[in-house]
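Reader: I have a model open at the bench and would like to know what stands behind the words used to describe it. Could you take me through a few of them?

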Amino acid sequence: MPVPKTVESSPRKLLRDIVFDQLLTAIEDGTLEPGERLNDEELEKWLGVSRTPIREAISKLADIGLVETAPQRYTRVAKPTLEQYAEALRLLNGFHELSARWSIPHFTDEDVETFRSLGDAVLADIEARDKHVLRSSADFADFMVERSGNSLLQQVARQMNTRVTYTALPTIEFFQWDIFAAYVAGLVDAAEARSAEDAERVMRTQAKATDAFLEQVVAAGGGVPAGS
């Protein structure tokens, strides 16, 4: 197991949350690979913390599908599956539709400017056909989520977003670049108009595109494996 820098404590975050963030980053960037076993003693040396916050962080990662455990057998990084990806992506789209409906009509001028800048970052990644689009588009959607005014939606959407980002990378060759660009531009236009109706229309169009995208991935037998 690779050895990163020791986790430093923070007065603003619980230790288990710091450990969670460190493990999450390691899973997302491939430091911890799918199927890799997570050994408590190795993790203690790696992160420089006791077993309790590590087990709490692993439990949280298991809840969102990034780690799988079998008592007395193994704790390991989960292998992405197409089923996991499709399930999380469709649910996340629903959360994003609610977020757009609840947030966009109440955007301030500053919010609109920030949202436009985030959208421009996504469009730049689309133009470059850069896989970083998975992260920039997550930041774009998160802006609506954080301004939805609903803490429960924020919590669950964050979990689904993490799961989608983790499982999405193998599907990037099927990415609908032009359709997604239209989605981003449409949401920015809706934000500038403070129009919930326009945002919902964009989201419904994107939901149909998502279904077509997933059907394409399944038909091609590519992307995320069908089972672990």
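**Words and the values behind them**

Author: Gladly! Let us start with T171, which sits in the loop between α7 and α8. Keep in mind that this is a predicted model.

Reader: Why is T171 called buried rather than exposed?

Author: The word buried is used for a relative accessible area under 20%. T171 has a relative accessible area of 1%, so T171 counts as buried.

Reader: What makes the pair T171 and A168 a polar contact?

Author: A polar atom of the T171 side chain lies 2.7 Å from the backbone oxygen of A168. The cut-off for such a pair is 3.5 Å, therefore the distance fits.

Reader: Now the interior. Which residues have the most contacts inside the largest nonpolar core?

Author: They are Y85, I104, F107, F115, V133, F180 and L187, in a core of 42 residues. Six helices each supply at least two residues of this core: α4 (82–103), α5 (109–128), α6 (133–146), α7 (151–168), α8 (177–193) and α9 (196–220). The most comes from α8, with nine residues.

Reader: What makes a residue a contact of V133, and which ones does V133 touch?

Author: Contact calls for heavy atoms within 4.5 Å. Leaving aside residues up to four places away in sequence, V133 touches V122, D125, I126, I172, F175, W177 and F180.

Reader: Which residues does the second, separate core include?

Author: Among its 21 residues are L23, L24, A26 and I64. As a general point, nonpolar side chains tend to be buried together in soluble globular proteins.

Reader: On to the pockets. How much space lies in the largest pocket, and what lines it?

Author: The space is about 380 Å³. Of its 14 lining residues, E28, D29, L134, T165 and L169 are the closest to the centre. The elements giving two or more residues to this lining are α1 (15–28), α6 and α7.

Reader: How do the residues of that lining divide by class?

Author: The lining of the largest pocket has seven nonpolar, three polar and four charged residues. Asp and Glu count as charged, so D29 and E28, both in this lining, belong to the charged class.

Reader: And which residues lie nearest the centre of the second largest pocket?

Author: Those are F20, L24, R158, Q159 and T162, out of 13 lining residues, and the volume of this pocket is about 290 Å³. Its lining divides into three nonpolar, five polar and five charged residues. Here α7 gives the most, with six residues.

Note on methods
Residues numbered from 1 in each chain as written. Predicted model: local features only at pLDDT ≥ 70, side-chain atom pairs only at ≥ 80, totals over all residues. Heavy atoms only, no water. Core = buried A, V, L, I, M, F, W, Y, C linked by side-chain atoms within 4.5 Å. Buried < 20%, exposed > 50% of the residue type's maximum accessible area, 1.4 Å probe, protein only. Helix = DSSP H or I, 4+ residues; strand = E, 2+ residues; numbered from the N terminus. 1 Å grid on protein atoms, 1.4 Å probe; cavity = no way out; pocket = protein on both sides within 12 Å on 5 of 7 lines; lining within 4 Å. Points joined across faces, edges and corners; volume = space filled by probe spheres on them. Polar contact = N/O pair within 3.5 Å; in protein donor to acceptor, adjacent residues only side chain to side chain.
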